[in-house]
Every structure is written in structure tokens, then in C-alpha cells.
Amino acid sequence: MAEEPDPAVLASMRRRLRVGSALVTVALLTAVLAVAVGWVSISTAAAPIAGLTVGAALGWWQYAHIRA
């Protein structure tokens, strides 16, 4: 028959499991936050570039129509 596990060993294993799951949760939250910050920084960088592109296209269109 199997022996009963030592309660101290079980408590140690439970503690390690709690610490490990807490570390995994923190790592996942950090990864999600990093992705969110990266997305916002890309979006804020892309907005002025898109504005300049549209402005340049409109300016070129007006210039081409004035010259025609």
C-alpha cells in the first residue's frame, strides 16, 4: 500500500505552486501591458505620418489642378 505523504512536503509543494502561478500571472499581465503600450505608441506615431501623407496628396492634387 502507498505511504501517506509528509504534510510538510505537501505544504511546500502547495507554496511552490502558488508562487509559480503568481509569477506566471505577473508575466502574462506584463506581456499584455507591453503589447498595449507598443500598440498605442505605434498608433500615435502612425497618426501624424498618415496626416502628412494625406496632406501631401491633397497638396499635390491641388497643385496639379491649378497647373492644368
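**Note on a predicted single-helix chain**

1. Of the 68 residues in this chain, 0% count as buried. The model is a predicted one, and the points below should be read with that in mind.

2. The secondary structure amounts to one helix and zero strands. The radius of gyration is 29 Å, well over the 11 Å that the globule rule gives for 68 residues, so the chain is more spread out than a compact globule. Taken along the principal axes, the box filled by the C-alpha atoms is roughly 95 × 20 × 5 Å.

3. On the surface: the accessible area of the chain comes to about 6300 Å². Carbon and sulfur atoms account for 75% of that area.

4. Which residues make up the aromatic pair? The count comes to one such pair, and its members are tryptophan 60 and tyrosine 63. The ring centres are 5.5 Å apart and the planes stand at 35°, so the pair is tilted; planes under 30 degrees apart would count as stacked, and over 60 as edge-to-face.

5. Both tryptophan 60 and tyrosine 63 lie in helix α1, which covers residues 7-67. The two are three residues apart, about one turn of the helix. Tryptophan 60 counts as exposed because its relative accessibility is 59%, and the cut-off for that class is over 50%. Tyrosine 63, with 42% relative accessibility, counts as partly exposed.

6. Alanine 36 is also a residue of helix α1. Is alanine 36 exposed or partly exposed? Its relative accessibility is 36%, so it counts as partly exposed; the buried class would need a value under 20%. From C-alpha to C-alpha, alanine 36 is 45 Å away from aspartate 6, with their positions 30 residues apart in sequence.

7. Valine 54 belongs to helix α1 as well. It is partly exposed, having a relative accessible area of 48%. How far apart are the C-alpha atoms of valine 54 and methionine 13? The separation is 61 Å, for two residues that are 41 residues apart along the chain.

8. To sum up, the model has one helix and zero strands, 0% of its residues count as buried, and its one aromatic pair is the tilted one of tryptophan 60 and tyrosine 63.

Terms used
Residues numbered from 1 in each chain as written. Predicted model: local features only at pLDDT ≥ 70, side-chain atom pairs only at ≥ 80, totals over all residues. Heavy atoms only, no water. Helix = DSSP H or I, 4+ residues; strand = E, 2+ residues; numbered from the N terminus. Rg over C-alpha atoms; globule rule 2.2 N^0.38 Å. Buried < 20%, exposed > 50% of the residue type's maximum accessible area, 1.4 Å probe, protein only. Areas by Shrake-Rupley, 256 points an atom, 1.4 Å probe, with all protein chains shown as cover. Phe/Tyr/Trp six-rings, centres within 6.5 Å; stacked < 30°, edge-to-face > 60°.
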